[in-house]
Amino acid sequence: MKESAVRLVIEGLKEAGVSLACYLPDSLLAELYPALDTDPEIRTILVINEGEGAAICGGIWLSGKRAVLVMENSGLRASIEPLARTH
């Protein structure tokens with residue numbers, strides 16, 4: 001991922017009001033994680049699986065804040081069951 005794309009992603013998250021980012025490390029977005037970790041406006045949480053990240057983001061949403069779960073496309077499939085249980 002190019003540095004310019006990393007900056008655009010972080011700017012977009014801030015514009016969307018995101019205050020917390022959960023992420024499951026992967027190779028596709030490897031350059032994004034250190035940038036998120038060092039950004040003072042977005043708190044980061046490293047998760048061990050997609051379901052854990054979905055649960056944390058859901059809890060943040062219930063508190064009235066915005067969160068994002070950053071993962072590769074295959075992670076969406078892995079997080080569907082925990083998301084369905086949350087509903």
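This text goes from the overall fold of a predicted model to the surroundings of one residue, Asp 26. Local features need pLDDT of at least 70 and side-chain atom pairs pLDDT 80 or more, while totals for chains, interfaces and linings use all residues. Residues are numbered from 1 along each chain as its sequence is written, and side-chain values use heavy atoms, without hydrogens and water.

The protein chain has four helices and three strands, in the sequence order α-β-α-β-α-β-α. Helices (H or I, at least four residues) and strands (E, at least two) are DSSP runs numbered from the N terminus. The radius of gyration of the protein chain is 13 Å, which agrees with the value near 12 Å for a compact globule of 87 residues; the radius is taken over C-alpha atoms, and the globule rule is 2.2 Å times the number of residues to the power 0.38. Along the principal axes, the C-alpha atoms fill a box of roughly 35 × 30 × 15 Å.

Of the 87 residues, 31% are buried, meaning under 20% relative accessible area (exposed is over 50%, partly exposed in between; 1.4 Å probe, protein chains only).

Asp 26 sits in the loop between strand S1 (18–23) and helix H2 (32–38). Asp 26 counts as buried because its relative accessibility is 17%. Leaving aside residues up to four places away in sequence, Asp 26 touches Tyr 33, Met 71 and Glu 72, where contact means heavy atoms within 4.5 Å. The side chain of Asp 26 also reaches the backbone nitrogen of Leu 29 at 2.9 Å, and a polar atom of that side chain lies 3.5 Å from the backbone nitrogen of Glu 72.

How values were computed: A polar contact is a pair of N or O atoms within 3.5 Å; within protein, one must be able to donate a hydrogen and the other to accept it, and residues adjacent in sequence count only if both atoms are side-chain atoms.
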